[in-house]
Structures are given as structure tokens and as C-alpha cells.
Amino acid sequence: MTVRAGEPFDLARTAAEVAALLTAPLPAAGPTVAEGDPDTGEWRATTGEGFRAVPLWESGAEGDDGDDEDDPDEAEEAAEARLDALVAELDTRWGPHHRVAVHVALLLKEEGAPVPPLFDALLAEDCYGDLAAWGPLPGDRWVGVSVGRSDGDAPLVMAAVVSDRPITAPPPPAWL
């Protein structure tokens, strides 16, 4: 669960929050730290060496078109439509995005192999969706957004990440 639980999706707010990440402070070094709400423990942000990840939206808000459906496929389609709208809006601001696969990082993690900290942070919060990414942007920043969930019973989470390094998928292992 995230601090966004219960909030309806708002494209303008979400796009503004992603754009604001371009000026977010990023630690130059140090460990990856997940921040939770002090009262509930729900995920609020994760910071690590050169990056920050935040939740933007979580499925399940009352009246949030399709997310209170019993059919997980319909909820996933509605979430993907929200992400597509956000990506289209950000494409108008920053130009075409590129896709960054997250599944290689998941396979590496499942095998106990090292995973880049940015991807490890996303996977720790069940953000398994591929990223739509832009960069370099002003301030030599890269930004990515995704939506996904760990399994069919978990809520869908839309997240954003900003990095002072290029956002690229880890190389696949030789056994893949």
C-alpha cells in the first residue's frame, strides 16, 4: 500500500508531480532508504544513490472508473489507460519516451544476482511495470513512469522515478 491509496487519479496533478521531480534533491551517495508514512507505514518515497522514486496513484479509490471492479483485467486496462494518458502528456512536454524493461531486474533478483539500486527500489515496492522514460532532461535528469502490481490481488501502483543517471535496463544475464 502507498500513501496514494484512496486518491482518485488526476492527470494534471500527476503530470505536475512528475515534472516537479526534475528539481527534487537526489543523494549523491548512500544507502537506498524507503520512507513510509509515520502513522500507517504506507510507502511515500524511496531515495538512493542518484535517484528518488514516488507513488503517483494506487488503484481502488471509490468511484475511480474501473478500479473497484471485481475483474482484475478490467482494472489493469483502466490503469494502463491512465498511464498512457500520462505518457502522452509527458511526451508533449519532453518529446518521445523510450521503454525500459523491468523484467530483467526481476529475474536477476529472483536468482539472487545483483540488481541496480534504482530497480531494486522499484521491485521492493512491487513496481514491476516497464518504465516509459525520458532523458536527459533539464538538470541532466532522467525520469520514468510505470504502472503495475505484484499479483492479481494487489493494488495497481503508478510510480515515478527521477535519476541523475540514464535510466536503462540492466543487461540480461548470460543464462537468459
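In which strand is Glu 58 found? The predicted model puts Glu 58 in strand E3, and this residue makes a good place to start. Glu 58 is buried, yet has no salt bridge. The nearest side chain of opposite charge belongs to Arg 4, and that is 8.7 Å away, whereas a salt bridge would need a side-chain nitrogen of Lys or Arg within 4 Å of a carboxyl oxygen. What Glu 58 does have is a backbone partner: a polar atom of its side chain lies 2.6 Å from the backbone nitrogen of Thr 2. Setting aside neighbours within four places in sequence, the contacts of Glu 58 take in Met 1, Thr 2, Arg 4, Ala 5 and Glu 7, along with Pro 155, Leu 156 and Val 157.

Strand E3 also turns up in the aromatic pairs, of which the structure holds 2. In one of them, the ring centres of Phe 9 and Trp 57 are 6.2 Å apart and the planes meet at 85°, so this pair is edge-to-face. Phe 9 sits in the segment before helix H1 (11-20) and Trp 57 in strand E3 (residues 51-58), so the pair links distant parts of the chain, with the two positions 48 residues apart. Both Phe 9 and Trp 57 are buried.

The other pair is formed by Trp 94 and Trp 134. Here the centres are 5.7 Å apart and the planes stand at 70°, so this pair is edge-to-face as well. It too links distant parts of the chain: Trp 94 belongs to helix H2 (residues 72-94), Trp 134 to strand E5 (residues 131-137), and the two are 40 residues apart. Trp 134 counts as buried because its relative accessible area is 1%. Strand E5 has another feature worth a look, a cis peptide bond between Gly 135 and Pro 136 with omega at about 0°; Pro 136 has its place in E5.

Turning to the helices, H3 (residues 103-110) has Val 104, Ala 105 and Leu 108 buried. These residues lie on the same side of H3, because they cover an arc of only 100° around the axis. Helix H4 (117-124) is what the buried residues of H3 pack against. After H3 comes Gly 112, with a positive phi near 80°.

H4 buries Leu 118, Phe 119, Ala 121, Leu 122 and Leu 123. The list of elements that these residues pack against is a long-ish read: strands E2 (43-48), E3, E4 (98-100), E5 and E7 (157-163), plus helix H3. H3 and H4 thus appear in each other's packing.

Which residue with a positive phi follows H4? That is Asp 126, with phi near 60°, a positive value although the residue is not a glycine. Asp 126 is found in the loop between H4 and E5. With a relative accessible area of 30%, Asp 126 is partly exposed. Asp 140 is another case of positive phi in a residue other than glycine, this time near 50°. Asp 140 lies in the loop between E5 and strand E6 (141-148). Its relative accessible area is 53%, so Asp 140 counts as exposed.

Note on methods: Residues are numbered from 1 along each chain as its sequence is written. Side-chain values use heavy atoms; hydrogens and water are left out. Buried means under 20% relative accessible area, exposed over 50%, partly exposed in between (1.4 Å probe, protein chains only). Helices (H or I, at least four residues) and strands (E, at least two) are DSSP runs, numbered from the N terminus. The arc is that of the directions from the helix axis to the C-beta atoms. Contact means heavy atoms within 4.5 Å. Rings of Phe, Tyr and Trp (its six-membered ring) pair if their centres lie within 6.5 Å; planes under 30 degrees apart count as stacked, over 60 as edge-to-face and the rest as tilted. Lys and Arg count as positive and Asp and Glu as negative; His and the chain ends are not counted. A polar contact is a pair of N or O atoms within 3.5 Å; within protein, one must be able to donate a hydrogen and the other to accept it, and residues adjacent in sequence count only if both atoms are side-chain atoms.
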